[in-house]
Amino acid sequence: MPVITFANTKGGAGKTTAVLLLATELERMGHRVTILDADPQYWINRWFEHTGQRTTIKVIPYVTMASIERQIQECRATSDYILIDLPGSRSPLLAKAIGYSNHVLIPIQGCAMDAQGGAHVIELLQYLDAKAGIRIPHSVVLTRVNSMVTTRALHIVKTLLSERGVHVLNTPIIERSAFRDIFDCGGTLYTMDPTRVSNLLKSRENAQAFAAEILRRVSQRFGAVAPEVETVRTAA
Ligand SMILES: Nc1ncnc2c1ncn2[C@@H]1O[C@H](COP(=O)(O)OP(=O)(O)OP(=O)(O)O)[C@@H](O)[C@H]1O
Ligand SMILES: [Mg+2]
């Protein structure tokens, strides 16, 4: 039962959006998903209240230093995946959540290498490894990437980060209005109307490829079989 934490101490990097995309894809594949919502803006909890009976995803709000361990223990038996959405600021919760995680995902916005908050998380992970021998698998996912950005430009960013020993997912999360609308409408990308939401089919493909890639990485350790999903092309 993997715990996946989404962390970047810089606000607005796309953590909450990435959590919801992964959670709804996992649910679609038939997995039981619990989200620990530690983002003080509670966007996931608001989405949950909006969505009501339409989802099987469980959302636990008000996650604190004092409560996180108990909350993880309480949902372990009833969840196939636990996702943790952290605040976009330096918080003591970061180190604690990382300690319970099987994988840490670091969303970094776009190709501008606006990576300071991400670098802070990576430094903490490298420190834990060097000083305490605690090695937590982690990856960067590039978020809010313009659909016109070329594969070559993404490759350059990926190479720069891998030179620093950081793994970057092949699938970036593209800037799509559907990924914003999902919070307003509730439900999922599959309950939205393709005639009303622009590029909805491409948004679904992007979310599928993102989830499939994470599952492949996480399942390397857990031995589960990740579903084969057609890889989405980087540029739309
Ligand atoms: N791929 C995307 N396409 C379109 N809009 C996006 C995308 N990712 C994020 N956004 C928008 O960018 C804003 C910030 O995203 P989000 O809330 O996911 O970031 P965050 O890292 O969780 O922020 P915080 O640190 O404040 O919790 C939101 O308005 C969200 O709708
Ligand atoms: Mg957030």
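**Exercises on a predicted model**

In helix α4 (residues 92-99), the buried residues are Leu93, Leu94, Ala97 and Ile98. The exercises below concern a predicted model.

**Exercise 1. Determine how the buried residues of α4 are distributed around its axis, and describe the rest of the helix.**

*Step 1.* Take the buried set, Leu93, Leu94, Ala97 and Ile98. These residues span an arc of only 130 degrees around the axis, so they lie on the same side of α4.

*Step 2.* Turn to the other side of α4, where Pro92 and Gly99 are exposed.

*Step 3.* Inspect the N-terminal end of α4, which is capped by Ser91. A side-chain oxygen of Ser91 is 2.9 Å from the backbone nitrogen of Leu93.

**Exercise 2. Establish whether the faces of strand β4 are covered or open, and identify the strands that pair with β4.**

*Step 1.* Count the buried residues of β4 (residues 81-85): 5 of its 5 residues qualify.

*Step 2.* Assign the residues to faces. In a regular strand, side chains alternate between the two faces of the sheet. In β4, Tyr81, Leu83 and Asp85 occupy one side, while Ile82 and Ile84 occupy the other. All of them are buried, and both faces are therefore covered, given that buried denotes under 20% relative accessible area.

*Step 3.* Examine the pairing with β1 (residues 3-6): β1 and β4 are parallel and share 4 bridges. Phe6 stands opposite Asp85 of β4.

*Step 4.* Examine the pairing with β2 (residues 33-37): this strand also runs parallel to β4, and 5 bridges join the two. Here Leu36 is opposite Ile84 of β4.

**Exercise 3. Identify the protein donors of the magnesium ion (ligand 2) and state which parts of the chain they tie together.**

*Step 1.* List the donors: Thr16 (OG1) and Asp39 (OD) lie 2.0 Å from the magnesium ion.

*Step 2.* Locate them in the fold. Thr16 belongs to helix α1 (residues 15-28), whereas Asp39 sits in the loop between β2 and α2 (43-51), so the pair ties together parts that are 23 residues apart in sequence.

*Step 3.* Check their accessibility: both Thr16 and Asp39 are buried.

**Exercise 4. Describe the location of Thr171, its accessibility and its side-chain contact with Glu213.**

*Step 1.* Place the residue: Thr171 is in the loop between α6 (151-163) and α7 (177-185).

*Step 2.* Classify its accessibility. The relative accessible area of Thr171 is 5%, and the cut-off for buried is under 20%, so Thr171 is buried.

*Step 3.* Find the partner: the side chains of Thr171 and Glu213 make a polar contact at 2.7 Å.

Technical notes
Residues numbered from 1 in each chain as written. Chains lettered and ligands numbered in written order. Predicted model: local features only at pLDDT ≥ 70, side-chain atom pairs only at ≥ 80, totals over all residues. Heavy atoms only, no water. Buried < 20%, exposed > 50% of the residue type's maximum accessible area, 1.4 Å probe, protein only. Pairing = 2+ DSSP bridges. Donors = N, O, S within 2.8 Å, 3.2 Å for Na, K, Ca; no water. Arc of directions from axis to C-beta. Polar contact = N/O pair within 3.5 Å; in protein donor to acceptor, adjacent residues only side chain to side chain.
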